[in-house]
Amino acid sequence: MKKTARFKKFFNFTQTLTLLLFSTFTMAQTIPLNKLTGQFDEKKDSDFIALDSTQLPVNKKGMYLQKEPTQQLIKAYNDFKKVHPNIPFVVVSATRNYTYQNGIWQRKWDSLLSKINKPQQIAEEILKFSSMPGTSRHHWGTDIDITSVSSDYFRNDKKGIILYQWLQDNLPKYGFCQPFNEGRNGGYLPEEWHWSYKPIASQYIAQYQAQLEKDPQSIIQALNFTGHDQINLEDLVKQYVLMVNADCY
Ligand SMILES: [Zn+2]
């Protein structure tokens, strides 16, 4: 091999290596794993704001959301109130971190333990409406539940029907999508109340997906809730995180 050819080869190799290191570095930097899995304190994070310090109606104190989705949600709320002043539009859930979600999971696991004896079935039963800690979109600070967490309200109550129609027709204009819509082949049951701020949440799901493909163990090892070692954890994580409305990608 001529000296120049060898140099070229070496140069190409270095270039590839630099690119690879750079892309790995930037990806790892985009959204850290602890943010993807909710292992942080939203109350101490400067990207987040307390909803009870804004004009948004909330059903309890101490709920936080990232600042940009909060601003967009306030605009949506004000526009909704102009046309439907008497219909409730209340944030009933916002950011829930890993510790909070773990509390929900533990409570449901304990109560199902006496009725169902297979851990996988217990998990699947909980997953109809609640996430495994570390896999909830509520970890991201981009997702909210509005007014009621009952499908019955949005399907059969007059006010619920009007609210849901308005949310579907208008929330996308403010950047929100409905991740748990009708017609998916898996994942959570439909949730009319759950809306997600796509410009940021789409980055979270893209990174979650990339990480699950590239190095699933990095995520799986971070999930140590009750039952994690008795269920098909990786399959469940993939199904429940990724099987959402295509509009939310
Ligand atoms: Zn929700």
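## Helix α8

Let's start with α8, a helix of 17 residues covering 198–214 in this predicted model. From its first C-alpha to its last, α8 reaches 23 Å, close to the 24 Å expected at 1.5 Å a residue.

Which residues of α8 are buried? They are Lys198, Ala201, Tyr204, Ile205 and Tyr208. Looking down the axis of α8, you'd find these buried residues within an arc of 125°, so they line one face of the helix. Go round to the other side and you meet Pro199, Ala210, Glu213 and Lys214, which are exposed.

As for what covers the buried residues of α8, the list includes two helices, α2 (33–36) and α10 (233–242). It also includes the strands β4 (143–146), β5 (176–177) and β6 (194–197).

## The sheet beside it

Those three strands belong to an open sheet of four, in the order β3-β4-β6-β5, with antiparallel pairing. At the edges stand β3 (91–93) and β5, each with a single partner strand, so one side of each is left without a neighbour in the sheet. In general, strands of a sheet pair through backbone hydrogen bonds, either parallel or antiparallel.

Take β5 and β6 as an example: two bridges hold this antiparallel pair. Cys177 has Ser196 in β6 as its bridge partner.

How does α8 sit relative to these strands? It lies across β4, β5 and β6, and it runs at about 90° to β6.

## Helix α7

Now for α7, which spans residues 158–170. With 13 residues at 1.5 Å each, this helix should span 18 Å, and its end C-alpha atoms are indeed 18 Å apart, which agrees.

The buried residues here are Gly160, Leu163, Tyr164 and Leu167. Seen down the axis of α7, they fall within an arc of 95°, so they line one face of the helix. The face turned away from that buried side carries Lys158, Gln165 and Asp169, which are exposed.

What covers the buried residues of α7? The cover includes the helix α6 (151–156) along with β4 and β6. Those two strands also appear in the cover of the buried residues of α8.

## The whole chain

Stepping back, the chain has ten helices and six strands. Of its 249 residues, 29% are buried.

Finally, consider contacts between residues at least 6 apart in sequence: 72% of these join residues at least 24 apart.

How values were computed
Residues numbered from 1 in each chain as written. Predicted model: local features only at pLDDT ≥ 70, side-chain atom pairs only at ≥ 80, totals over all residues. Expected span 1.5 Å × (residues − 1). Buried ≥ 20, exposed ≤ 12 C-beta atoms within 10 Å, placed from the backbone. Arc of directions from axis to C-beta. Contact = placed C-beta atoms within 7 Å. Pairing = 2+ DSSP bridges. Axes fitted to C-alpha atoms, helices over the stretch in contact; angles between N-to-C directions.
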